[in-house]
Amino acid sequence: AVYSGNARGWQGGNYVRAETINIRQKESQMSATGNVQSLLYQVKKAGDSNASTPVFAAANELYYDGNARTIRYVKAVDIRQGQDRITGGNALIYLNERNELVRTDAETGVAIVQSGRKAFADLAVYTAADDKLLLRGRPARVEDLEKGTAQGEELVIYLNDNRVSGEGKSKVNPSGRVRSSYKVK
């Protein structure tokens, strides 16, 4: 089925809005193009196995594959979860059988904004199981209003215990460094 002209589709609490929506039911696939807005998955709240937060996403294009349990957002991606926001060129979302986030891969000019912290990278990989955010870039950078800044080829933000770990060396730059500046109170 193809729906065009301010098309909208919903199932339960999930929805997709776009200029055109194409559904291939037998293949369990859907695509949407033009001003895409969606609410297609949830993120579990830390410490509460029954509560979850909806994730709203916007992009120029969306590709959903129900068999692979993936959602690919393409061009001008803007993902919002509560007060947190990720923007970038593209994002690939991996879901479990309950449509809960397992992993997010965002690439191309990634910017992450959280309360009191900003991060910038060429690639960001978030894994929900360990609540960890891997950033890669030239350099990747984390700016924390309270704790200071860090930059390097690869940074890992451990969201559970609010710390950043860095790696400067890479195949491209074997003598790389991590630069950190901390605020002392």
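On a 1 Å grid over the protein atoms alone, a pocket is an open set of points with protein on both sides within 12 Å along at least five of seven lines, while a cavity is a set of points where a 1.4 Å probe fits but cannot get out; lining residues have an atom within 4 Å of a point. Grid points are joined across faces, edges and corners, and a volume is the space filled by probe spheres set on the points.

All the views below come from a predicted model, where local features need pLDDT of at least 70 and side-chain atom pairs count only at pLDDT 80 or more, though totals for chains, interfaces and linings use all residues. Residues are numbered from 1 along each chain as its sequence is written, and side-chain values use heavy atoms, with hydrogens and water left out.

**The whole chain: strands and no helices.** Start here to get your bearings. The protein chain has twelve strands and zero helices (DSSP runs numbered from the N terminus: E for strands, at least two residues; H or I for helices, at least four). Walk along the sequence and you meet one β after another, in the pattern β-β-β-β-β-β-β-β-β-β-β-β. Of the 185 residues, 36% are buried (under 20% relative accessible area with a 1.4 Å probe, protein chains only; exposed is over 50%, and partly exposed is in between). Take the contacts (heavy atoms within 4.5 Å) between residues at least 6 apart in sequence: 31% of them join residues at least 24 apart.

**The second largest pocket, with about 600 Å³ of space.** The lining here is made by 20 residues, and W10, Q11, I23, M30 and Y64 are the ones nearest the pocket's centre. Strands β1 (2–11), β2 (14–24) and β3 are the elements that give two or more residues each to this lining. By class, it holds eleven nonpolar residues (Ala, Val, Leu, Ile, Met, Phe, Trp, Tyr, Cys and Pro), two charged ones (Asp, Glu, Lys and Arg) and seven polar ones (the others, Gly among them).

**The largest cavity, holding about 30 Å³ of space.** Search the whole structure and you find one cavity of 30 Å³ or more. I86, T104, A106, V110, I112, A124, Y126 and L133 line the largest cavity. Strands β7 (101–114) and β8 (117–127) each supply at least two of its lining residues, and β7 gives the most, with four. Seven lining residues are nonpolar, one is polar and none is charged.

**Y73 in the largest nonpolar core.** A nonpolar core is a set of buried Ala, Val, Leu, Ile, Met, Phe, Trp, Tyr and Cys residues joined through side-chain atoms within 4.5 Å. The largest one here has 36 residues, and Y41, Y73, I93 and L135 touch the most other members. Strand β3 (residues 29–45) is the top contributor to this core, with six residues. Leaving out residues up to four places away in sequence, Y73 touches S38, L40, Y41, A57, A59, E61, L62, N90, A91 and I93.

**D78 and its partner R85.** D78 sits in strand β5 (residues 70–81). It counts as buried because its relative accessibility is 15%. The D78 side chain makes a polar contact with the R85 side chain at 2.4 Å (N or O atoms within 3.5 Å; within protein, one must be able to donate a hydrogen and the other to accept it, and residues adjacent in sequence count only if both atoms are side-chain atoms). Beyond residues up to four places away in sequence, D78 touches F56, A57, A58, R85, I86 and T87.

**G34 next to E19.** Look for G34 in strand β3. With a relative accessible area of 16%, G34 is buried. G34 and E19 are 15 residues apart along the chain, yet their C-alpha atoms are separated by 4.9 Å. Setting aside residues up to four places away in sequence, G34 touches A18, E19 and N60.

**Backbone oddities: a cis bond before P139, and positive phi at N6 and K75.** Most residues other than glycine have a negative phi, and most peptide bonds are trans. R138 and P139 are joined by a cis peptide bond, with omega about -10 degrees; P139 belongs to strand β9 (residues 132–144). N6, in strand β1, has a positive phi near 55 degrees. K75, in strand β5, also shows a positive phi, near 65 degrees. This lysine, K75, is partly exposed, with a relative accessible area of 44%.
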